[in-house]
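Here are my notes on the model you sent over, set out as numbered points. Keep the structure open beside you as you read.

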Amino acid sequence: MVRISKFQVGDLVKRKSRRGYWKGKVGIIVAVAYVHGDPRFTVKWNNLDKMRNYSDTAGLARVV
């Protein structure tokens with residue numbers, strides 16, 4: 001399978017942050033939308049009710 005973007009729908013991700021709030025929090029990629037050719041990822045976090053959109057993936061890391 002060829003990956004077009006860094007993440008695909010269904011991938012588990014964690015937040016790369018120094019803040020203690022994000023420690024141990026895991027999210028799932030629920031949607032990938034391409035806007036002008038650039039991917040935007042929608043993540044549902046286990047500690048938040050609303051979904052968050054990310055266009056820059058520098059703050060996200062895949063959970064292995």
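**Notes on the strands and their partners**

1. Let's begin with one pair of residues: Lys 14 has Val 26 as its bridge partner in S2. The strands here are DSSP runs (E, at least two residues; for helices, H or I, at least four), numbered from the N terminus. On the other side of the bookkeeping, Lys 14 also has a bridge partner in S5, namely Ala 61.

2. A word on the source. This is a predicted model, in which local features need pLDDT of at least 70 and side-chain atom pairs count only at pLDDT 80 or more, while totals for chains, interfaces and linings use all residues. Residues are numbered from 1 along each chain as its sequence is written, and side-chain values use heavy atoms, with hydrogens and water left out.

3. Now the overall make-up. There are five strands and zero helices in the chain, so the order from the N terminus reads β-β-β-β-β. The radius of gyration is 12 Å, close to the 11 Å that the globule rule gives for 64 residues, so the chain is as compact as a globular protein of that length. That radius is taken over C-alpha atoms, and the rule is 2.2 Å times the number of residues to the power 0.38. Along its principal axes, the C-alpha trace spans about 35 × 25 × 20 Å.

4. How do the strands pair? Two strands count as paired if DSSP finds at least two bridges between them. S1 (residues 12-15) runs antiparallel to S2 (residues 26-35), with three bridges, and Val 13 stands opposite Gly 27 in S2. S1 is also joined by three bridges to S5 (residues 60-62), again antiparallel.

5. S2 and S3 (residues 38-45) pair in the antiparallel sense over eight bridges. Within this pairing, Ala 31 has Thr 42 as its partner in S3, and Tyr 34 stands opposite Pro 39. S3 in turn pairs with S4 (residues 52-54), antiparallel and over three bridges; there, Phe 41 is matched with Tyr 54. Six residues lie between S3 and S4 in their hairpin.

6. The turn between S2 and S3 deserves a look. Two residues separate the strands of this hairpin, and His 36 takes a positive phi near 55°. Most residues other than glycine have a negative phi. His 36 sits in the loop between S2 and S3 and is exposed, with a relative accessible area of 80%. For these labels, buried means under 20% relative accessible area, exposed over 50%, and partly exposed in between (1.4 Å probe, protein chains only).

7. Which residues does Trp 45 touch, leaving out those up to four places away in sequence? Contact means heavy atoms within 4.5 Å. The residues that Trp 45 touches include Val 13, Lys 14, Trp 22, Val 26, Gly 27, Arg 52, Tyr 54 and Leu 60. Trp 45 belongs to S3 and counts as buried, at 1% relative accessibility.

8. Thr 42 is another residue of S3. Thr 42 is buried too, with a relative accessible area of 15%. Leaving aside neighbours within four places in sequence, Thr 42 is in contact with Ile 28, Ile 29, Val 30, Ala 31, Met 51, Arg 52 and Asn 53.

9. Please also look at Lys 6, in the segment before S1. Lys 6 is partly exposed, with a relative accessible area of 41%. Lys 6 and Leu 60 are 54 residues apart in sequence and 9.9 Å apart in space, C-alpha to C-alpha. Not counting residues up to four places away in sequence, Lys 6 touches Phe 41, Thr 57, Leu 60 and Arg 62.

10. Finally, some totals. Of the 64 residues, 27% count as buried, and residues 24 or more positions apart account for 37% of the contacts with a separation of 6 or more. The accessible surface comes to about 4,800 Å², with 52% belonging to carbon and sulfur atoms; areas come from the Shrake-Rupley method with a 1.4 Å probe, and for residues only the protein chains shown count as cover.

11. On charge, the chain has 14 positive and 4 negative side chains, and the centres of the two sets lie 8 Å apart. Lys and Arg count as positive and Asp and Glu as negative, while His and the chain ends are not counted. Each charge is placed at NZ of Lys, CZ of Arg, CG of Asp or CD of Glu.
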